[in-house]
Amino acid sequence: MDDTIVGLATPAGEGAIHVIRLSGKQAQKILDVCFCPVHQDKWLSDTTFTLHLGNFYDGAMQLDQVLISRMKGPHSFTGEDVYEINCHGGLIPARRIIETCLRQGARLAEPGEFSKRAFLNGKMDLVQAEALIDLISSRTELSADLALLQLGGRLSSRINEVRQDILDILSYIEATIDFPEDEIDDLALKELSEKILNAKENSLEIFKGSKTGKIIREGLSTVIAGRPNVGKSSLLNALLHEERAIVTDIPGTTRDEIHEYIKIGEVLLHLTDTAGIRESDDPVEMIGIERAWKALSMADVILLLLDASEIRSGRLTNEEKTILEEYANKTIVLINKIDLLSSYEFKDTFLSPEVFALAFSVKNRIGFAELEKEILSRVFEGEISVTIDPLLSNIRQIQALENCIHSLEKALEAVYANVPFDLVSIDVRSALEEISLITGHQVQEELLNNIFSRFCIGK
């Protein structure tokens with residue numbers, strides 16, 4: 001934190017401008033040596049936010065004409081003195097300016113080090129820091145909107161309210177323990193249980209939308225499955241509107257997974273086309289089938305294609321039956337090739353009533369609108385809507401909140417069982433530790449390094 005750091009904040013390559021970010025105690029001194037402003041008097045002033053035109057030098061050699069934005073700490077992104085040097089695009093001007101700053105005593109910033117300093121200086125918490133990553137890497141408008149809500153601090157505020165509730169519970173327990181001569185009566189037990197229950201319910205309210213938040217952030221893992229030649233690769237191509245997968249009449253053409261991304265509404269789908277699932281003696285095909293089963297176990301949604309003529313005849317393979325039994329809650333059945341039948345009423349099929357099934361034709365694009373509607377309905381838990389509240393979307397945050405809720409449940413059970421208050425406090429403290437991990441009130445350096453290493457160098 002005592003070093004002054006420098007890094008390229010724009011992508012390397014040719015462009016109109018490059019932005020070089022400089023942050024730290026020695027930033028002003030470094031630029032006093034290298035930068036010659038057009039208006040020297042304004043450069044020497046102590047104004048917090050200023051913009052300066054001038055020339056950048058390495059000794060006597062001019063490197064470029066630049067525009068420098070000055071943001072004095074603590075009113076800056078990092079909380080330190082920050083200078084953003086806008087030079088002409090191209091690798092040579094940017095590289096020369098960075099090398100000059102390094103020779104004057106700056107250090108090349110590590111990935112995410114500017115954002116890490118912002119966190120350490122109290123300019124943002126971990127939820128907001130991770131929202132920055134999500135905003136930069138967002139692939140849909142909805143994921144960008146969610147990241148902005150988190151970056152604005154609304155989610156952090158809700159989490160901090162629960163954290164304060166837990167701190168109040170601990171204070172109540174400590175006060176009771178400090179006065180052992182006062183007998184713990186039923187009223188005290190009732191008050192404590194109500195406090196813990198309230199904290200748990202508020203935590204559950206935050207947790208409620210985490211599944212949707214995770215899908216908005218990462219995309220919906222969607223696996224296309226079925227027997228060979230049922231139309232899986234044709235479905236992938238139809239959804240992508242391009243010939244991505246090879247389609248032939250030969251069974252077992254697809255032997256490895258094919259991964260692609262598409263947007264349905266404002267939701268990103270991570271599509272996986274898998275090998276046809278059947279019994280096989282071919283060692284290469286067997287590897288593909290094994291990978292298909294693994295993909296099914298990890299999927300958010302399974303698109304199981306069944307042959308319409310086979311359904312009408314009441315024939316399912318053992319593999320199809322297994323998918324319908326083990327993954328019924330996340331499977332959408334597409335009864336494909338209905339275009340080959342004179343009629344396609346399937347009211348009397350033996351599919352379970354719980355299974356959502358669609359009459360479908362990849363070739364004639366029958367059922368695609370209904371499929372999209374069902375997928376969006378599952379993402380937004382019944383409502384096809386792009387209006388979102390601040391939601392947990394990060395697996396690290398979700399896991400910490402789950403652990404917090406579990407600890408509060410254990411504390412509540414202990415109170416109901418008349419366990420001594422000092423033992424109840426163990427579970428309450430555990431809940432506090434877990435929720436503190438979310439915003440960074442209590443966090444190890446290893447975790448911080450892991451989070452901020454996902455940023456680019458200039459962020």
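User: Which residues of helix α13 (residues 318-326) are buried?

Analyst: In this predicted model, the buried residues of α13 are E319, E320, I323 and L324. They are on the same side of the helix, because the arc they cover around its axis is only 135°. The face turned away from that buried side carries the exposed residues N318, E325 and E326, while the cover over the buried residues includes α11 (283-298), β11 and β12.

User: Before going further, what is the mean pLDDT of the protein, and where does pLDDT stay under 50?

Analyst: The mean pLDDT of the protein is 85, with 90% of the residues reaching 70 or more. The stretch to read with that in mind is residues 246-251, over which pLDDT stays under 50 and for which the model has twelve contacts beyond four places in sequence.

User: How many residues of strand β12 (residues 331-336) are buried, and which way do they point?

Analyst: The general idea is that in a regular strand the side chains alternate between the two faces of the sheet. In β12, T331, V333 and I335 point one way and I332, L334 and N336 the other way. Both groups are buried, so that six of the six residues of β12 are covered, each having under 20% relative accessible area.

User: Which strands are joined to β12, and in what direction do they run?

Analyst: Strand β11 (residues 301-307) is joined to β12 by six bridges, and the two run parallel; strand β13 (residues 356-359) is joined to β12 by four bridges, and this pair also runs parallel. One residue of β12 serves as a reference point for both pairings, since I332 is the bridge partner of L303 and stands opposite F356 in β13.

User: What is the order of strands in the sheet, and which strands stand at the edges?

Analyst: The sheet is open, has six strands in the order β9-β10-β8-β11-β12-β13, and shows mixed pairing. At the edges stand β9 (258-264) and β13, and because each has a single partner strand, one side of each is left without a neighbour in the sheet. Neighbouring strands are turned by 25° against each other on average, when direction is ignored. Elsewhere in that order, strand β8 (residues 220-226) and strand β10 (residues 267-273) run parallel and are joined by five bridges, with T272 in β10 as the bridge partner of V223.

User: Is helix α10 (residues 232-240) mostly covered or mostly exposed, and what do its buried residues pack against?

Analyst: Helix α10 is mostly covered, eight of its nine residues being buried, namely K232, S233, L235, L236, N237, A238, L239 and L240. These buried residues pack against β8, β9, β10, β11, β12 and α14. Just after the helix, H241 takes a positive phi of about 60°.

User: Turning to single residues, where is L392, and is L392 buried or exposed?

Analyst: L392 is placed in the loop between α14 (368-379) and α15 (395-416). The residue is buried, because its relative accessible area of 0% falls under the 20% cut-off. Leaving aside neighbours within four places in sequence, the contacts of L392 include Q150, L155, I159, I206 and G209, as well as Q397, I398 and L401. The C-alpha atoms of L392 and T212 are separated by 8.6 Å, although these residues are 180 apart along the chain.

User: Is K72 buried or exposed, and what does K72 touch?

Analyst: K72, which is found in the loop between β5 (61-71) and β6 (82-88), counts as buried because 17% relative accessibility is under 20%. Not counting residues up to four places away in sequence, K72 touches Q28, D46, T47, T48, E80, D81 and Y83.

User: In which helix does I92 lie, and what is the relative accessibility of I92?

Analyst: I92 lies in helix α3 (residues 91-103) and counts as partly exposed at 47% relative accessibility. The C-alpha atoms of I92 and G13, which are 79 residues apart along the chain, are separated by 9.6 Å.

User: Finally, how many disulfides does a search of the whole structure find?

Analyst: A disulfide is a covalent bond between the sulfur atoms of two cysteines. A search of the whole structure finds zero of them. Among the cysteines, C36 is partly exposed at 41% relative accessibility, and C456 is partly exposed with a relative accessible area of 45%.

Key
Residues are numbered from 1 along each chain as its sequence is written. This is a predicted model: local features need pLDDT of at least 70, side-chain atom pairs count only at pLDDT 80 or more; totals for chains, interfaces and linings use all residues. Side-chain values use heavy atoms; hydrogens and water are left out. pLDDT is the predictor's confidence in each residue, from 0 to 100. Contact means heavy atoms within 4.5 Å. Buried means under 20% relative accessible area, exposed over 50%, partly exposed in between (1.4 Å probe, protein chains only). A disulfide is a pair of cysteine sulfur atoms within 2.5 Å. Two strands pair if DSSP finds at least two bridges between them. Axes are lines fitted to C-alpha atoms, for helices over the stretch in contact, and angles run from 0 to 180 degrees between N-to-C directions. The arc is that of the directions from the helix axis to the C-beta atoms.
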